[in-house]
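Work through the exercises below with the sequence and the model open side by side, and try each task before reading its solution.

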Amino acid sequence: MEKIITLEIEKNYDGLKIEHILKKHLGLSETLTGRLKRCDGSILLNGKTAKVIERVKEGDTLKITVSEKESKNIIPAEIPLDILYEDEDLLVINKPRSMPTHPVRNHREDTLANGVLYYLDAKEFHVITRLDKDTSGVVLIAKNSVAAAILTEEMKNKRIKKEYIAVVNGTPNPPVGKIAAPIKKKEEHGIMRCVSPDGKEAVTEYETLKTWDNISLVKLFPITGRTHQLRVHMSYIGNPIYGDSMYGATQTGEKTRLHCEKITFTHPMRKQEITVIAPIPDDIKRV
């Protein structure tokens, strides 16, 4: 969706280049700033087309228009969405288990991306926090490139906090702890990951809430965001997530009982802290 930002230049920005304001004040990435450089008419200073190297004065009006590119290979499809939060810049969805986030070979028109593009009547799918197909819960989506660029930087700087709840096999020992074990792609598998000294940094904190019949309910707090991180780390300490046969769970044929319950982040435009919670699904309650 097209995003228009209008700024009245205040005294503390007097004499600065437009490029500085885009990066430091708005928090836009190098990539998005580069797009604005190349698009004539996307930057207006007092109603006239301006270049990013031009300087502003107190009292000037700066207008930034960011248009969307079209996401290739994503077909909008009418799919029910469980919306937890929405405003002009953001959409937060409670993704059901068994739904992929993006289209893949066997799921072309039944993914979260298909449903969001239809719902927003949008061209581009800006997902900020991704979940595996069999992981349910909170997914943060930006409605425009500006919000997406700012939130992506927030993710890189580990300022978006997520909390998961999971059922795991066995009893974690100690019951509360931190797993710092680097992760890399397993060479003989396309998607499987493993702990390896030459992998990328990966850190997870956990807290055991309850244990019964050789399974436990745990809270998981990913400090980093590697692919399959929580699944790999829980398997690594001997407590694979219930139903996750890829990483050693014995419940073959069951769905992985992993749910992103909570997300906390700073709104990209309003700058206030927002927390969104997704209810725990029935299949975790039943286990």
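The exercises that follow concern a predicted model, and each task is followed by a stepwise solution.

**Exercise 1. Describe the chain as a whole: its secondary structure, its extent and its burial.**

Step 1. Begin with the secondary structure, where the chain has six helices and 16 strands.

Step 2. For the extent, take the principal axes, along which the C-alpha atoms fill a box of roughly 70 × 40 × 35 Å.

Step 3. Turn to burial and contacts: buried residues make up 51% of the 287 residues, and of the contacts with a separation of 6 or more, 65% are between residues 24 or more positions apart.

Step 4. Finally, consider the surface and the charges: the accessible surface comes to about 14,700 Å², with 48% of this belonging to carbon and sulfur atoms, while the 45 positive and 40 negative side chains have centres that lie 4 Å apart.

**Exercise 2. Determine which parts of the chain the salt bridge between Glu88 and Lys3 links, and whether each partner is buried or exposed.**

Step 1. Check the distance first: the closest N and O atoms of Glu88 and Lys3 are 3.8 Å apart, and because the limit for a salt bridge is 4 Å, the pair is accepted.

Step 2. Locate the partners: Glu88 is in the loop between strand S5 (83-86) and strand S6 (90-95), whereas Lys3 is in strand S1, so that the pair links distant parts of the chain, 85 residues apart.

Step 3. Compare the exposure: Glu88 has a relative accessible area of 58% and is therefore exposed, whereas Lys3, at 10%, counts as buried.

**Exercise 3. Examine the salt bridge between Asp244 and Arg231, and place it in relation to helix H5.**

Step 1. The side chains of Asp244 and Arg231 meet at 2.9 Å, N to O.

Step 2. Arg231 belongs to helix H5 and Asp244 to the loop between H5 and strand S15 (258-266), so the pair ties together parts that are 13 residues apart in sequence.

Step 3. Both partners count as buried, because Asp244 has a relative accessibility of 2% and Arg231 one of 10%.

Step 4. Arg231 is in keeping with its helix, for six of the eight residues of H5 are buried, including Leu230, Val232 and Met234.

**Exercise 4. Find the residues that are linked with Lys23 and Glu30 in a network of salt bridges.**

Step 1. Start from the pair itself, in which the closest N and O atoms of Glu30 and Lys23 are 2.9 Å apart.

Step 2. Extend the search to further partners, which adds Glu19 and Lys37 to the network.

Step 3. Assign the exposure of the starting pair: Glu30 counts as exposed at 56% relative accessibility, and Lys23 as partly exposed at 24%.

**Exercise 5. Locate backbone geometry that departs from the usual pattern.**

Step 1. Recall that most residues other than glycine have a negative phi, and that most peptide bonds are trans.

Step 2. Look for a cis bond: the peptide bond from Asn173 to Pro174 is cis, with omega near 5 degrees, and Pro174 lies in the loop between strands S9 and S10.

Step 3. Look for positive phi outside glycine: Asp121 has a value of about 50 degrees, and Asp213 has one near 50 degrees.

Step 4. Place these residues: Asp121 is in the loop between helix H3 and strand S7, and Asp213 is in the loop between strands S13 and S14.

Step 5. Asp121 counts as exposed because its relative accessibility is 70%, and Asp213 because its value is 72%.

Notes
Residues are numbered from 1 along each chain as its sequence is written. This is a predicted model: local features need pLDDT of at least 70, side-chain atom pairs count only at pLDDT 80 or more; totals for chains, interfaces and linings use all residues. Side-chain values use heavy atoms; hydrogens and water are left out. Buried means under 20% relative accessible area, exposed over 50%, partly exposed in between (1.4 Å probe, protein chains only). Helices (H or I, at least four residues) and strands (E, at least two) are DSSP runs, numbered from the N terminus. Contact means heavy atoms within 4.5 Å. Accessible areas come from the Shrake-Rupley method with a 1.4 Å probe; for residues, only the protein chains shown count as cover. Lys and Arg count as positive and Asp and Glu as negative; His and the chain ends are not counted. The place of a charge is taken as NZ of Lys, CZ of Arg, CG of Asp or CD of Glu.
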